[in-house]
Amino acid sequence: MNTTILLAHAYGQSHVLELEQHILPKLAKSMARIQVKASGINPIDARRMTGELKHAALPQTFGTEFAGVIAEVEGNQTQWKVGDEVLSSGGAFTHATVIDVPVENLIQKPSNINWATAGTLAGVSQTAMTILNEMDPAQSLLIHGGSGGVGSILIQLAVNKGIHVVATASAKNQEHLQQLGAKAVVYGDGLTERLEAIHPEKFDVSIDMVGNEEATQASLKTVKSGGFMGTIAGRKLSSNKIKPVWVKRNPANLKYVVNGIAEGKIKWVVSREYPFEQAQQAYADILDGHTKGKSVLIFND
Ligand SMILES: NC(=O)c1ccc[n+]([C@@H]2O[C@H](COP(=O)([O-])OP(=O)(O)OC[C@H]3O[C@@H](n4cnc5c(N)ncnc54)[C@H](OP(=O)(O)O)[C@@H]3O)[C@@H](O)[C@H]2O)c1
């Protein structure tokens, strides 16, 4: 079976991205072959493209999450069949028309979630659940950069647990933060003072999606002594009191968020949709760091 894969033979801006045709080998043991319908783009994809993060040798492939239809399933396993609609994290890459994925990763796509939404959930859901599990128990949470992919899920998961959430974003995304259940604060000069005004007590926990000095200093000043301060940004910070948090893959956590969305308990925004053929534009846009909710690549049949 043929697949068209997004890949790059060099580091650089989005012009390094190419679509290449490949023939897939025989399906390996415990794998399913998926016709991809939608695949979310995460900042990490674009950061790998530029070479800021070097996780793999060149040429490199991209994409960590998808939704699609099973085209072939290997061997004896009985849980899945051809035609099933599924979503999850990928195997090696997901920005491709056809991909091979370990069956243990798969969860069923609820019929009332559209493809664009389903294709964007795996990375942010599992990241937000990891954060929530590592910060437990807390009654108040500060999120730096709450209007993007991870923040939009994390706010709601935390609020649903009764945690008081204050989140930052630019002025244009304040209403979005409020609709998700957070108290909203604009980042920029005077951030610490605005946080103290809206939340005079110290926070139990802060989590940083941005990785800049402003967020670092604001956490150091507004989180209680001994309170957990984390960052998922993967950037070098000036204080080692801010601890890195890395996503832990866990299909049960993904299922929890997917069910919440299917039942209408968790809101979700996909603000930018691109045909797969426009991947260069999609990657150029995500480098701006201001995605509201998520960006997604859509694949034609
Ligand atoms: N450690 C891990 O395992 C892990 C997992 C997933 C993601 N990540 C990383 O975590 C980061 C966040 O991911 P994401 O998907 O949520 O990103 P995203 O969708 O691009 O969201 C970025 C957020 O940051 C805000 N922002 C931009 N500039 C800011 C500034 N100067 N100060 C404060 N906030 C600012 C944006 O708000 P406005 O648009 O309003 O400016 C938006 O809310 C990325 O760097 C990603 O690579 C790490």
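Domain bounds, as used in these legends, come from an automatic or database domain assignment. The structure is a predicted model, in which local features need pLDDT of at least 70 and side-chain atom pairs count only at pLDDT 80 or more, while totals for chains, interfaces and linings use all residues. Residues are numbered from 1 along each chain as its sequence is written.

**View 1. The two domains and their contact.** The domain assignment divides the protein into domain 1 (2–120 + 268–298) and domain 2 (124–244), and their C-alpha centres lie 28 Å apart. Eight residues from domain 1 and nine residues from domain 2 make up the contact, where two residues are in contact if their C-beta atoms, placed from the backbone, lie within 7 Å. On the side of domain 1 that touches domain 2, two residues are nonpolar, four polar and two charged; here Ala, Val, Leu, Ile, Met, Phe, Trp, Tyr, Cys and Pro count as nonpolar, Asp, Glu, Lys and Arg as charged, and the others, Gly among them, as polar.

**View 2. The shell around the ligand.** Because domain 1 (2–120 + 268–298) and domain 2 (124–244) both give residues to this shell, the ligand lies between them. Of the 33 residues around the ligand (C-beta atom, placed from the backbone, within 6 Å of it), those that come nearest are Gly145, Gly148, Gly149, Ser170 and His290. Two or more residues each are given to the shell by α1 (43–50), α3 (121–135), α4 (149–160) and β10 (164–169), with helices (H or I, at least four residues) and strands (E, at least two) taken as DSSP runs numbered from the N terminus. The shell holds 14 nonpolar residues, 18 polar residues and one charged residue.
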